[in-house]
Amino acid sequence: MDLAWPPHPDPARARRATGTPPAHSAGPRPATRWVRTARVHLWRARHLAAALFAITLAWFLVRAFAPPPAGASAVVLATEIRAGHELGDDDVTSTLVPAHVLPADALTELADVTGAALVIDATPGTVITRAMLAGPQLAAGLDPGQVAVPVTFTDRGSRSIARVGQVVWLYASRDGTSTRVGADARILAILPDVDSSALDYGGTSYTDALVAVRERDATLLVEALSEASIRAVLPARPAR
């Protein structure tokens, strides 16, 4: 017999007396509702998640076991080369190049390149094409009504701007005067060095370039080359 006093209150009687609902009748806590909602959404999206996982796995398997892209052997530069340099055995190498980046006129035999002069500046890894080498194929770069004329530049300024693709105006300097002998001339190639002992430039460095000029300017330019020094200047770009 429990003689404790006062007696322990009856929880049910106390709730009835105060009108308080039972604890279990209260709604779920906010955290519990969020967890249940997330579980429902995850369950509904299980098929989509499985499909995405299967696609990702298949992509990795295809990448891992796919055969290498088709390619062909081509001659590429092994070192950095300046225009006019004659290529030697140490300057080029043969390697496999993917077909989608292989130029149509790429050279495939080292024998076709060794001893030939490059007409452009190029970096290691450049695929050598026939158009990059000095030879008759340079005439393919002429526009209708143009001819190719070899021009020697002896002044430092002209030599610095004589780059393949550059459009220049040509001036002949003689007796303290300058005359324009070529407009909108385009540098086609920088030609290889020749035996300087056969030329008399007074110890001055020079650059030989193949220049595309209009036919009507060719006669005037050739005449000036025999008696005057030729200088190149950069024309202003036409307004758009």
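1. A salt bridge here is a side-chain nitrogen of Lys or Arg within 4 Å of a carboxyl oxygen of Asp or Glu. By that criterion the structure holds six salt bridges. The model is a predicted one, and the values in this note are to be read with that in mind.

2. Overall make-up. The protein chain has five helices and seven strands. Their order along the sequence is α-α-α-β-β-β-α-β-β-β-α-β. Of the 240 residues of the chain, 25% count as buried. The exposed area comes to about 16500 Å², and carbon and sulfur atoms supply 59% of that area.

3. Contacts by sequence separation. Taking the contacts in the protein chain with a separation of 6 or more, 66% are between residues 24 or more positions apart. Points 4, 5 and 7 give individual cases of pairs from separate parts of the sequence.

4. R82 with D121. These two side chains form a salt bridge, with N to O at 3.2 Å. The pair links distant parts of the chain, 39 residues apart: R82 is in the loop between β1 (71-77) and β2 (92-98), while D121 is in the loop between β2 and β3 (146-153). R82 has a relative accessible area of 47% and is therefore partly exposed. D121 is also assigned to the partly exposed class, because its relative accessibility is 38%.

5. D121 with R163. D121 forms a salt bridge with R163 as well, and here the closest N and O atoms are 3.9 Å apart. D121 lies in the loop between β2 and β3 and R163 in the loop between α4 (156-161) and β4 (167-174), so this pair ties together parts that are 42 residues apart in sequence. The value of 3.9 Å should be read against the cut-off, which is 4 Å. R163, at 35% relative accessibility, counts as partly exposed. Taken together, R82, D121 and R163 are linked in a network of salt bridges.

6. R214 with D217. Another salt bridge joins the side chains of R214 and D217, at 3.2 Å from N to O. Is each partner buried or partly exposed? R214 is partly exposed, because its relative accessible area is 27%. D217 counts as buried, because its relative accessibility is 12%; the limit for that class is under 20%.

7. Surroundings of V75. This residue lies in strand β1. V75 has a relative accessible area of 0% and is therefore buried. Which residues touch V75, leaving aside its neighbours within four places in sequence? The contacts of V75 are V92, T93, L107, T108, E109, L110, V113, T126, V127 and I128. For V75 and L107, the C-alpha to C-alpha distance is 5.9 Å, with their positions 32 residues apart in sequence.

8. Nonpolar surface patch. F53, L57, L61 and F65 make a nonpolar surface patch of about 470 Å². Of these, F53 lies in helix α3, which covers residues 46-65. F53 is classed as exposed because its relative accessible area is 57%, the threshold for exposed being over 50%.

9. Aromatic rings. A pair of aromatic rings is described by the distance of the centres and the angle of the planes. A search of the whole structure finds zero aromatic pairs. There is, however, a charge over a ring: R180 lies over the face of W169, at 4.4 Å from the ring centre.

How values were computed: Residues numbered from 1 in each chain as written. Predicted model: local features only at pLDDT ≥ 70, side-chain atom pairs only at ≥ 80, totals over all residues. Heavy atoms only, no water. Patch = residues over 30% accessible without salt bridge, like charges linked within 9 Å, V, L, I, M, F, W, Y side chains within 5 Å. Areas by Shrake-Rupley, 256 points an atom, 1.4 Å probe, with all protein chains shown as cover. Helix = DSSP H or I, 4+ residues; strand = E, 2+ residues; numbered from the N terminus. Buried < 20%, exposed > 50% of the residue type's maximum accessible area, 1.4 Å probe, protein only. Contact = heavy atoms within 4.5 Å. Phe/Tyr/Trp six-rings, centres within 6.5 Å; stacked < 30°, edge-to-face > 60°. Lys NZ or Arg CZ within 6 Å of the ring centre and 35° of its normal.
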